[in-house]
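Thanks for coming. I have a few slides' worth of notes on one model, and I will go through them in order. Please have the picture open.

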Amino acid sequence: MTLQSHERYCSEVLAQTSLLCAELEGADLKAPVPTCPEWTLADLLHHLGQAHRGVGRIVEQRLTDFPGPPVGDATTGHPFDDAAGAARWLAEGAGALVDVLSESGPDATVWTFDGRNVSAFWARRMVHETVIHRADALIALGADFTIDPEIAADTLDEWLDIVGAPMVVEFKPELKELCGPGRTLHLHATDTAPESGEWFIDATGERVTWRRSHEKAAVAVRGPMRDLLLLTYRRLPLDSAKVEVHGEREMLELWLENAKF
């Protein structure tokens with residue numbers, strides 16, 4: 001696994017937010033987001049800022065029960081009028097979140113949806129939430145999305161952890177549809193060292209498990225680390241020329257259809 005320190009995650013929340021804000025100069029906030037079809041760019045940025053602030057409240061107030069969804073949804077009442085205002089608002093929320101996470105440390109007892117109930121979960125989760133929505137924004141803007149392979153691998157690790165977490169499966173029973181006889185996947189990043197860029201995903205039991213390993217699977221996907229991440233998060237179409245699929249394509253289609261939130 002590529003698990004990072006609490007301090008690294010805190011700094012990465014700021015770094016990923018800063019990278020996103022830097023791309024917003026002159027952006028049209030009414031632009032549609034192809035990877036989140038129900039949202040405009042303004043909606044996407046509002047959602048991300050809400051996530052930062054909502055998690056900050058969980059950790060700052062040491063909430064130990066599900067706090068409920070934010071008041072209002074991402075498509076109403078945007079707290080900014082233009083791209084410059086959106087960038088400032090995002091940066092403020094990320095900065096406040098990191099202040100709270102830094103003060104709490106990794107071991108504060110708080111509610112989490114994976115059952116571990118420690119603040120370290122949220123530092124990691126907010127890095128990856130920001131990474132994926134930065135990708136969404138750049139796709140909407142027609143800009144190139146790049147990412148440190150180490151952070152990309154950790155984002156993929158965490159996604160697989162979430163998909164297999166018993167509390168998550170209880171909340172999203174459709175994740176049980178991932179499991180069945182012979183359902184194994186192999187992901188192979190072609191631009192990283194084997195020990196940090198291969199995943200064997202086993203969905204033959206009652207829940208999804210995974211390990212870093214090069215093993216034969218029912219279906220295998222090969223491609224650059226960035227593109228494996230985007231495919232897994234359904235931000236890259238399965239028929240993209242950027243990845244190669246070998247084996248039971250139908251099983252991969254089933255996985256992508258059900259491993260979502």
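**The sheet and what packs on it**

Strand β4, residues 219–223, is joined to β5 by 4 bridges, and the two run antiparallel. Within that pair, Ala220 stands opposite His246 of β5. Before I go further: this is a predicted model.

Now the sheet as a whole. It is open and has 5 strands, in the order β3-β2-β1-β4-β5, with mixed pairing. At the edges are β3, residues 209–211, and β5, residues 244–247, each of which pairs on one side only. From one strand to the next, the twist averages 15 degrees.

Helix α5, residues 149–164, packs on this sheet. The strands touched by α5 are β1 (184–189), β2 (198–202) and β3. The direction of α5 makes about 5 degrees with that of β2.

Let me stay with α5. Does the distance between its ends agree or disagree with its residue count? At 1.5 Å a residue, its 16 residues should span 22 Å, and the end C-alpha atoms are 23 Å apart, so the two agree. Of those 16 residues, 13 are buried, and the helix is therefore largely enclosed by the rest of the structure. At the N-terminal end there is a cap: Asp148 places a side-chain oxygen 2.8 Å from the backbone nitrogen of Glu150.

One residue of α5 deserves its own slide, and that is Glu158. Is Glu158 buried or exposed? Its relative accessibility is 2%, and because buried means under 20%, Glu158 counts as buried. Leaving out residues up to four places away in sequence, Glu158 touches Arg124, Arg125, His128 and Tyr233. With one of these, His128, there is a polar contact between side chains, at 2.9 Å. For a sense of distance across the model, the C-alpha atoms of Glu158 and Pro32 are separated by 28 Å, and the two residues are 126 apart along the chain.

Next, the loops. Thr112 is in the one between α3 (83–104) and α4 (119–141). Thr112 has 0% relative accessibility, so this loop residue counts as buried. What does the side chain of Thr112 reach? It reaches the backbone nitrogen of Asn117, at 2.9 Å. Setting aside neighbours within four places in sequence, the contacts of Thr112 are Asn117, Val118, Phe121, Trp122 and Met167.

Asn117 itself sits in that loop between α3 and α4. The phi of Asn117 is near 60 degrees, a positive value in a residue other than glycine. With a relative accessible area of 30%, Asn117 is partly exposed.

Arg62 also has a positive phi without being glycine, in this case near 55 degrees. Where is Arg62 found? The answer is the loop between α2 (41–60) and α3. Arg62 has a relative accessibility of 33% and so counts as partly exposed.

To recap for anyone taking notes: α5 packs on the sheet, Glu158 in α5 is buried and has a polar contact with His128, and the side chain of Thr112 reaches the backbone of Asn117. That is what I have for today.

Technical notes: Residues numbered from 1 in each chain as written. Predicted model: local features only at pLDDT ≥ 70, side-chain atom pairs only at ≥ 80, totals over all residues. Heavy atoms only, no water. Buried < 20%, exposed > 50% of the residue type's maximum accessible area, 1.4 Å probe, protein only. Polar contact = N/O pair within 3.5 Å; in protein donor to acceptor, adjacent residues only side chain to side chain. Contact = heavy atoms within 4.5 Å. Pairing = 2+ DSSP bridges. Axes fitted to C-alpha atoms, helices over the stretch in contact; angles between N-to-C directions. Expected span 1.5 Å × (residues − 1).
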